[in-house]
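Morning, everyone. Please have the viewer open, and follow along as I talk.

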Amino acid sequence: MAEKITCLLIDDDLDDQEIFKLALQDVNDDVHFLTANDGAAGLQLLSAPENLTPHYIFLDLNMPRMGGKDCLTAIRNIPHLSKTPVIIYSTSSDPRDIRETKSLGASDYIVKQFDINSLKDILAQYF
């Protein structure tokens, strides 16, 4: 039996988490979907003794406690996650944010969609 794909979304917006989950279920309902409400909570999950290694990490930039850029830097310093794709998932389309996050080790950058079908099209590329 094939291993289930695990996806972690680190995002403080509960509505965005729900929309992402619904879109993901439509694209591939066999994905194990986890969420964390900010960068600190996401790192806690990823640094747990179980060595959670999601297949994909989607990461918002603007969050309380720990923002996406700091979280991305910390994820890239966790040895078992060095090859895990981290995709920035943000409302910002600022080219500086895109350049900066890619230089910090982001695998890709997705601007949040206001239409669930557009999000499904994007997620279908990964799942």
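I'll start with a strand, move to its neighbours, then to a helix, the aromatic rings and one loop residue.

One caution before that: this is a predicted model.

Find strand β3, residues 56-59. Which way do its side chains point? Tyr 56 and Phe 58 point one way from β3, and Ile 57 and Leu 59 point the other way. Is each of these four buried or exposed? All are buried. The pattern is a general one: in a regular strand, side chains alternate between the two faces of the sheet.

Now the neighbours. β3 pairs with β1 in the parallel sense, over four bridges. Look for Ile 10: it stands opposite Leu 59 in β3. β3 also runs parallel to strand β4, residues 86-90, and three bridges join them. There, Ile 57 has Val 86 in β4 as its bridge partner. Add helix α3, and you get a unit: β3, α3 and β4 make a right-handed β-α-β unit.

Next, helix α2, residues 39-46. At its start, a side-chain oxygen of Asp 38 reaches to within 3.0 Å of the backbone nitrogen of Ala 40. Which residues of α2 are buried? Gly 39, Gly 42, Leu 43 and Leu 46 are. They cover an arc of only 100 degrees around the axis, so they sit on the same side of α2. What covers them? The cover includes β1, β2, β3 and α3. So our strand β3 turns up here again, as part of that cover.

On to the rings. The structure holds eight aromatic pairs. Take one of them: Tyr 56 and Phe 127. Their ring centres are 5.0 Å apart and their planes are at 65 degrees. Over 60 degrees counts as edge-to-face, so this pair is edge-to-face. The pair links distant parts of the chain, with Tyr 56 in β3 and Phe 127 in the segment after α5, 71 residues apart. Both Tyr 56 and Phe 127 are buried. They also belong to one aromatic cluster, with Phe 20, Phe 33, Phe 58, Tyr 89 and Tyr 126.

Last stop: Pro 79. Where is it? Pro 79 lies in the loop between α3 and β4. Pro 79 has 67% relative accessibility, so it counts as exposed. Now compare its position with Asn 37. The two are 42 residues apart along the chain, and their C-alpha atoms are separated by 23 Å.

That's my tour. Questions, please.

Note on methods: Residues numbered from 1 in each chain as written. Predicted model: local features only at pLDDT ≥ 70, side-chain atom pairs only at ≥ 80, totals over all residues. Heavy atoms only, no water. Phe/Tyr/Trp six-rings, centres within 6.5 Å; stacked < 30°, edge-to-face > 60°. Helix = DSSP H or I, 4+ residues; strand = E, 2+ residues; numbered from the N terminus. Buried < 20%, exposed > 50% of the residue type's maximum accessible area, 1.4 Å probe, protein only. Arc of directions from axis to C-beta. Contact = heavy atoms within 4.5 Å. Polar contact = N/O pair within 3.5 Å; in protein donor to acceptor, adjacent residues only side chain to side chain. Pairing = 2+ DSSP bridges. Right-handed = clockwise from strand over helix to strand, strands pointing away.
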